[in-house]
Every structure is written in structure tokens, then in C-alpha cells.
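Me: I'd like to walk through this model with you, one question at a time. Could you give me your reasoning along with each answer?

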Amino acid sequence: MSGFPPIASLRSLEAVARLGSVTRAAKELCVTHSAISQQIKQLEELIGVRLFIRHGRGLQINEAGRLYALHIRDALSRISDATRLVQVNPRKSELTIATVPSFGNHWLTPRLQRFRQLHPHITLRLTVSLTVNDIAEHPSDIVIRMGNGGWQGVECRYLFGDELIVVASPTFNGGRLPATPEDVAESQIIFSSESWKTWCSSAGLGAEILPAGLCINDSNLVLEAVRRGQGIALERRTLVQDALLRGELVQLTRFRGDYPWSYWRVTPLHAEKPAEVALFNAWLDEEVAAWKLQQQQLPAQCQQDPSG
């Protein structure tokens, strides 16, 4: 900063003005008498103003010096307060992640504990919205969104795709679960926003099941109703896989449908990215790799076909 006097000179001025003695100021600052005198002389030369009246080796502060010292004392006090504050409350690293509620609830949140254990100094802020589209409308460090990629003005990284499977509670219908696609079509179905078209084609039914019964527009509520044994549903594997592994849900038949949208990691284009973003991205890449490996092992784990 241009024209900013050395802190040592300012401290010398403040101490002499407050204590009324070069000797006492030197003792307080743990320096020599001559060091204090030299610091004040350099300060006067730098600012071009006489601050003291000299009597031999003694110094008597003048009015200009007294007023200047008052301002310096206040400034030094604020610097001291700021230093104590940053020592007591060090800056916490923060990272804001935005995604859709269903993915955040069933895939991302269960895995975040591992990130927090690796990086306990980072505060995570997870925001969810059904319309995570324009990153400018959702100012976040990272957005995990669904779609086909290629969005303008952002950096996009493909994470993985998804598929649709039919699930039910083990207690549904008293434990007598549908065993064939035809049985599924005749069951109590809880419909969500997912289309049954690709699943019906995969299962050889030839036509999409017509909506009937209970329709819910939120996957979280759909899965809660399924857990309670109120019906079966067609849902994304990312939302049900953990529940399948825990035995809370079961997959009905081996047939599945392609989900039209994939998951992408989106970040602002040309923005200076905090170091926390790189740490989260590295962790997310590891979680995605583990997820893909798990999918390769699924046939032996939970894709049992009741029809044999």
C-alpha cells in the first residue's frame, strides 16, 4: 500500500504518546531507547510532519503528533481485534451443491458422510429443487443435474446413466409378490412421472400399462407408499438400490427399462473454482466409480427373477 508507514514506527509513536516517555515505550516494546528514537525520526521523514519537540535526547509530543497518535491507537486496536477474531473463528471452507430432491435424498446424501470424514473442515450446503436447470438461477459451486448434456455456458461432465425397475415391499400382498410381467400388470401400481413404455417393451407386454390407481408426482412419496406395502412402482435404480441391498424393497422380475436422462456434474464456465471444488470432484469421481462397479455385480446380489 503506497505511503503506508511501517508498523514498527506507528507502534513507537503510539507507545511514546500514551506513556509519555521514550524509555517506558522502549521497555514496553522490548527495544532500545535509540530504536524508538530512530523509528519516530523515520516516521516524521516519511510523512513530512514534525510530531515531537526535541529537548536533548528527550521527546515531547506536539499537537499534530498527539492527534495522529490517537488515530494510530484506534487503528492498531482494530488490527489487534481482527487478529484475535480470525484466531478464534478461522475461516471455514464452504461448498454449495445443488441437485434434484430425489437424487439428493437417495443417492447423494447417503454418501456424503464419507466426504465429511475426509474433509471435516469443509462446510457443505446442499440445496435441492425440482427445476435445477439454469446454474445462474441456482448459484452453486457444483450442480448435479439430469439431462442429455451439452448445456451452454457451463462445464459438463458425464457421471452415469440410470435404468427403471419394478420394485415392491417384501410384505406387499401378504408376501405373495408378482412373479411375471403379466402379474405385475395386474397388480396395484403406484404411478409416478416415469413412463412404463420401455419396461413393458423389455418385458414383452407389447403395450404400456395404462395409468390407474394411485398417481403421485414425487418419487420420494412413491417410494414411501411402496415401503408401506400399498403397491408396486417403476422407479430409477439410483433411488432404490440402497433399499434393495437393505432388503427393504425387492425387484420384481429381471426386466428393466432405459431411463432417458443421465446424471451430469455441472460447474460455471471460466469461473475461478475454489480448492474445495477439486476435492469434491475427486471424491465424487470415486463414488461414481464405486457405483458403476456395484452395478456390474448386481445380477448376483439383488436382481432375482421370481419367475425363475
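Me: Thanks for joining me! Does S187 count as buried or exposed, and what is its relative accessibility?

Reply: Happy to help, and please keep in mind that this is a predicted model. S187 sits in the loop between α6 (181–185) and β8. The cut-off for buried is under 20% relative accessible area. S187 falls under that cut-off, so it counts as buried, with a relative accessibility of 19%.

Me: Which residue offers a backbone oxygen 2.7 Å from a polar atom of the S187 side chain?

Reply: Leaving aside neighbours within four places in sequence, S187 is in contact with F172, P178 and I232. The backbone oxygen at 2.7 Å from a polar atom of its side chain comes from another residue, D183.

Me: Let's turn to the strands. How many of the residues of β7 are buried?

Reply: On one side of β7 (163–168), the residues E163, I165 and V167 point one way, and all are buried. L164, V166 and A168 point the other way, and they are buried too. β7 is therefore largely enclosed by the rest of the structure, and the count of buried residues is 6 of the 6.

Me: Which strand pairs with β7 over 4 bridges?

Reply: β7 and β12 (residues 257–258) pair in the antiparallel sense over 2 bridges, and there L164 has G257 as its bridge partner. β11 (residues 250–251) also runs antiparallel to β7, joined by 2 bridges, with A168 opposite V250. The pairing over 4 bridges, antiparallel as well, is with β10.

Me: And which residue of β10 is the bridge partner of I165?

Reply: I165 belongs to the group on β7 that points the same way as E163 and V167. Its bridge partner in β10 is E235.

Me: Now the helices. Which residue caps the N-terminal end of α8?

Reply: α8 spans 219–227, and a side-chain oxygen lies 3.0 Å from the backbone nitrogen of N220. The residue that supplies this oxygen, and so caps the N-terminal end of α8 by the polar contact cut-off of 3.5 Å, is D218.

Me: What covers the buried residues of α8?

Reply: The buried residues in α8 are S219, N220, V222, L223, A225 and V226. An α-helix has 3.6 residues a turn, so residues three or four places apart point the same way. The cover over the buried residues of α8 includes α5, β7, β8 (190–191), β10 (233–236) and α9 (237–246).

Me: How many residues of α9 are buried?

Reply: The buried residues in α9 are R237, T238, L239, V240, Q241, D242, A243 and L244. That leaves α9 mostly covered, with the buried count at 8 of its 10 residues.

Me: Which residue with a positive phi follows α8, and which follows α9?

Reply: After α8 comes a residue whose phi is near 80 degrees, and that is G229. After α9 comes one with phi near 85 degrees, and that is G247.

Me: What about positive phi outside glycine: is T253 buried or exposed?

Reply: T253 is found in the loop between β11 and β12, and its phi is near 65 degrees. Its relative accessible area is 0%, so T253 is buried.

Me: And C30, is it buried or exposed?

Reply: C30 lies in the loop between α2 (22–29) and α3 (33–47). It has a positive phi of about 60 degrees although it is not a glycine. With the cut-off for exposed at over 50%, its relative accessibility of 69% means that C30 counts as exposed.

Me: On to the pocket. Which residues lie nearest the centre of the largest pocket?

Reply: The largest pocket holds about 530 Å³ of space. α5 (101–118), β5 (142–147) and α8 each supply at least two residues of its lining. Of the 22 lining residues, those nearest the centre are M146, S193, R236, Y259 and W261.

Me: By class, how many charged residues are in the lining of the largest pocket?

Reply: The lining has 9 nonpolar and 9 polar residues. The charged residues in the lining number 4.

Me: Last one, for the whole chain: what share of the residues is buried?

Reply: The secondary structure comes to 10 helices and 13 strands. Among contacts between residues at least 6 apart in sequence, 73% join residues at least 24 apart. Of the 308 residues in the chain, the buried share is 42%.

Technical notes:
Residues are numbered from 1 along each chain as its sequence is written. This is a predicted model: local features need pLDDT of at least 70, side-chain atom pairs count only at pLDDT 80 or more; totals for chains, interfaces and linings use all residues. Side-chain values use heavy atoms; hydrogens and water are left out. On a 1 Å grid over the protein atoms alone, a cavity is a set of points where a 1.4 Å probe fits but cannot get out, and a pocket is an open set with protein on both sides within 12 Å along at least five of seven lines; lining residues have an atom within 4 Å of a point. Grid points are joined across faces, edges and corners, and a volume is the space filled by probe spheres set on the points. Ala, Val, Leu, Ile, Met, Phe, Trp, Tyr, Cys and Pro count as nonpolar, Asp, Glu, Lys and Arg as charged, and the others, Gly among them, as polar. Buried means under 20% relative accessible area, exposed over 50%, partly exposed in between (1.4 Å probe, protein chains only). Contact means heavy atoms within 4.5 Å. A polar contact is a pair of N or O atoms within 3.5 Å; within protein, one must be able to donate a hydrogen and the other to accept it, and residues adjacent in sequence count only if both atoms are side-chain atoms. Two strands pair if DSSP finds at least two bridges between them.
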